[in-house]
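Thanks, everyone. Let's get the structure up on the screen and walk through it.

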Amino acid sequence: MSTYVARREKAARLRRLRGIPGCTPTEPVLQHIHTLKKHGWTNPEIADTAGVDRRTIHNIIHSAVANVHQRTARSILALRPDDVPNRVPAVGTRRRLEALAVMGWPMAHVAEEAGIRGTQVTEIVVGRRKRIPRGQAEAVDRIFRERALKPGPSKRTRTIAAQNGWVSALAWDDIDDPDEKPRGLPRRRRVRKQAAT
């Protein structure tokens, strides 16, 4: 038996002798995770804010474990649904990415520069991601302010933007207002979405 395993077993015996359970049933923790997710939390945000491994959250959600360590349960149950990490509506960021594409700035490059990784940019553009971290939105806004009216290097990006019916920065009075309609929108806007890479 390894020293590590022997220490764990000794600690478990001491907890039992003192009447301190080491684990607790998963069900209350699972229900709390569902509540957090209904309020907009993501699995990584729950794990990172609670200070637990992301795999632990995955295992709880997928019923891979019947019990969890008490410290894990306490950390997750301490998260308050209304304290969802700092997020803002994604609509303004989507419009900024589209407007930059209209000018020929490849969306994937802008997103990477703003710290938006992987498929997140596609999820924002097609409307699947409704809220994003404030830091990402502010980073895209900084790039937008610098380049929105400057021609970018990619003719292909401009072509894709035109095919999708996206509009430039000048089409908006308040680009963050979800109810605002852009000026100069073509009569029939094409609904096909394609990443302007």
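I'll take the pocket, then the cores, then two arginines.

One caution before that: this is a predicted model.

Start with the pocket. The largest one holds about 170 Å³ of space. Which elements give two or more residues to its lining? They are β3 (87-89), α6 (91-102) and α9 (134-147). Val88, Pro89, Val91, Gly92, Thr93 and Arg96 are among the lining residues. So are Arg134, Ala137, Glu138 and Asp141. Asp176 also lines the pocket. By class, that lining has 5 charged residues, 4 nonpolar and 2 polar.

Now the nonpolar cores. A general point to keep in mind: in soluble globular proteins, nonpolar side chains tend to be buried together. Here, the largest nonpolar core has 30 residues. Inside that core, the residues with the most contacts are Leu97, Met107, Ile116, Val121 and Phe144. At least two core residues come from each of α6, α7 (107-113), α8 (120-125) and α9. The largest share is from α9, with 5 residues.

Take Leu97 as an example. What does Leu97 touch, leaving out residues up to four places away in sequence? Met107 and Val110, for a start. Then Val121, Ile124 and Val125. And Val140.

There is another core, apart from that one. This other core has 15 residues, including Val29, Leu30, Ile33 and Ile57.

On to the arginines. Arg87 sits in strand β3. Is Arg87 buried or exposed? Its relative accessibility is 14%, so Arg87 counts as buried; the cut-off for buried is under 20%. Beyond four places in sequence, Arg87 touches Thr42 and Glu45. Arg87 also touches Arg131, Ile132, Pro133 and Arg134. Arg134, remember, is in the pocket lining.

Second arginine: Arg183. You'll find Arg183 in the segment after α10 (155-164). With a relative accessible area of 44%, Arg183 is partly exposed. Leaving out residues up to four places away in sequence, Arg183 touches Leu170, Ala171, Trp172 and Asp173. Two of these contacts deserve a look. A polar atom of the Arg183 side chain lies 2.6 Å from the backbone oxygen of Leu170. The side chains of Arg183 and Asp173 are joined by a polar contact of 2.8 Å. How far apart in space are Arg183 and Val167, C-alpha to C-alpha? The distance is 8.4 Å, with their positions 16 residues apart in sequence numbering.

That's my tour. Over to you.

How values were computed: Residues numbered from 1 in each chain as written. Predicted model: local features only at pLDDT ≥ 70, side-chain atom pairs only at ≥ 80, totals over all residues. Heavy atoms only, no water. 1 Å grid on protein atoms, 1.4 Å probe; cavity = no way out; pocket = protein on both sides within 12 Å on 5 of 7 lines; lining within 4 Å. Points joined across faces, edges and corners; volume = space filled by probe spheres on them. Helix = DSSP H or I, 4+ residues; strand = E, 2+ residues; numbered from the N terminus. Nonpolar A, V, L, I, M, F, W, Y, C, P; charged D, E, K, R; others polar. Core = buried A, V, L, I, M, F, W, Y, C linked by side-chain atoms within 4.5 Å. Buried < 20%, exposed > 50% of the residue type's maximum accessible area, 1.4 Å probe, protein only. Contact = heavy atoms within 4.5 Å. Polar contact = N/O pair within 3.5 Å; in protein donor to acceptor, adjacent residues only side chain to side chain.
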